[in-house]
Amino acid sequence: MEIVDTPAGERTRLTIDRQADDLAATVIIDRPGGPETLRLEPVGDNHHRLESTVAPAEPHKFQARLILAANGREQALPFKMVEPEGHHH
């Protein structure tokens with residue numbers, strides 16, 4: 001999981017080794033004003049890279065959950081995003 005610069009702007013990106021045909025991936029970021037939800041979609045025809053269609057809000061330091069759903073099952077994976085040292089906005 002990373003935040004990357006793309007031609008369309010900053011995006012949240014997930015890179016996976018294997019893809020289930022019906023995989024749905026969503027990032028839910030814990031924000032002081034309420035959760036921010038980013039649905040991740042395959043990039044072009046590369047089903048191993050999924051990106052949000054919009055930029056995540058600032059700051060890019062947060063607690064979040066990656067929700068993966070496939071084959072009738074769902075798993076929530078908590079994670080923490082931190083900005084690289086020296087990165088300023």
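The questions and replies below go through this predicted model and the definitions behind its description.

Me: What should I keep in mind about this model and its numbering?
Reply: This is a predicted model, in which local features need pLDDT of at least 70 and side-chain atom pairs count only at pLDDT 80 or more, while totals for chains, interfaces and linings use all residues. Residues are numbered from 1 along each chain as its sequence is written, and side-chain values use heavy atoms, with hydrogens and water left out.

Me: How do you know how many helices and strands the protein has?
Reply: Helices (H or I, at least four residues) and strands (E, at least two) are DSSP runs numbered from the N terminus, and on that reading the protein comes to zero helices and seven strands. Along the sequence this gives the pattern β-β-β-β-β-β-β.

Me: What makes the seven strands an open sheet, and in which order do they lie?
Reply: Two strands count as paired if DSSP finds at least two bridges between them, and with antiparallel pairing the seven strands form an open sheet in the order 1-2-5-4-3-6-7. The edges are strand 1 (2-6) and strand 7 (73-81), since each pairs on one side only. From one strand to the next the twist averages 30°, where axes are lines fitted to C-alpha atoms (for helices over the stretch in contact) and angles run from 0 to 180 degrees between N-to-C directions. In general, strands of a sheet pair through backbone hydrogen bonds, either parallel or antiparallel.

Me: How do you know that strand 1 and strand 2 pair?
Reply: Strand 1 and strand 2 (residues 9-15) are joined in the antiparallel sense over five bridges, against a requirement of at least two, and one of the residue pairs is Asp5 with its bridge partner Glu10 in strand 2.

Me: Why is Thr6 called buried or exposed?
Reply: Buried means under 20% relative accessible area, exposed means over 50%, and partly exposed lies in between (1.4 Å probe, protein chains only); Thr6, at 17% relative accessibility, therefore counts as buried. Thr6 belongs to strand 1.

Me: What makes the approach of the Thr6 side chain to Gly9 a polar contact?
Reply: A polar contact is a pair of N or O atoms within 3.5 Å; within protein, one must be able to donate a hydrogen and the other to accept it, and residues adjacent in sequence count only if both atoms are side-chain atoms. The Thr6 side chain reaches the backbone oxygen of Gly9 at 2.6 Å, and by the same rule a polar atom of the Arg11 side chain lies 3.4 Å from the backbone oxygen of Ser52.

Me: Which residues does Thr6 contact, and where does Arg11 fit in?
Reply: With contact taken as heavy atoms within 4.5 Å, Thr6 is in contact with Arg11, Arg13 and Glu51, leaving aside neighbours within four places in sequence. Arg11 sits in strand 2 and counts as buried because its relative accessibility is 12%. Not counting residues up to four places away in sequence, Arg11 touches a set of residues including Thr6, Glu51, Ser52 and Pro56.

Me: Why is strand 3 described as largely enclosed?
Reply: Five of the six residues of strand 3 are buried, so the rest of the structure largely encloses this strand. Strand 3 (residues 24-29) is joined to strand 6 (residues 62-70) by six antiparallel bridges, with Thr26 partnered by Ile67 and Ala24 by Ala69. Strand 3 also pairs with strand 4 (residues 36-43) over five antiparallel bridges, where the partner of Ala25 is Leu40.

Me: What links strand 6 to strand 7?
Reply: Nine bridges pair strand 6 with strand 7 in the antiparallel sense, and Ala76 in strand 7 is the bridge partner of Ile67. Their hairpin has two residues between the strands, and in it Asn71 takes a positive phi near 55°.

Me: How do you know that the radius of gyration agrees with a compact globule?
Reply: The radius of gyration is taken over C-alpha atoms, and the globule rule is 2.2 Å times the number of residues to the power 0.38. For 89 residues a compact globule would have a radius near 12 Å, and the protein has 13 Å, which agrees. The C-alpha trace spans about 40 × 30 × 20 Å along its principal axes, and buried residues make up 33% of the 89 residues.
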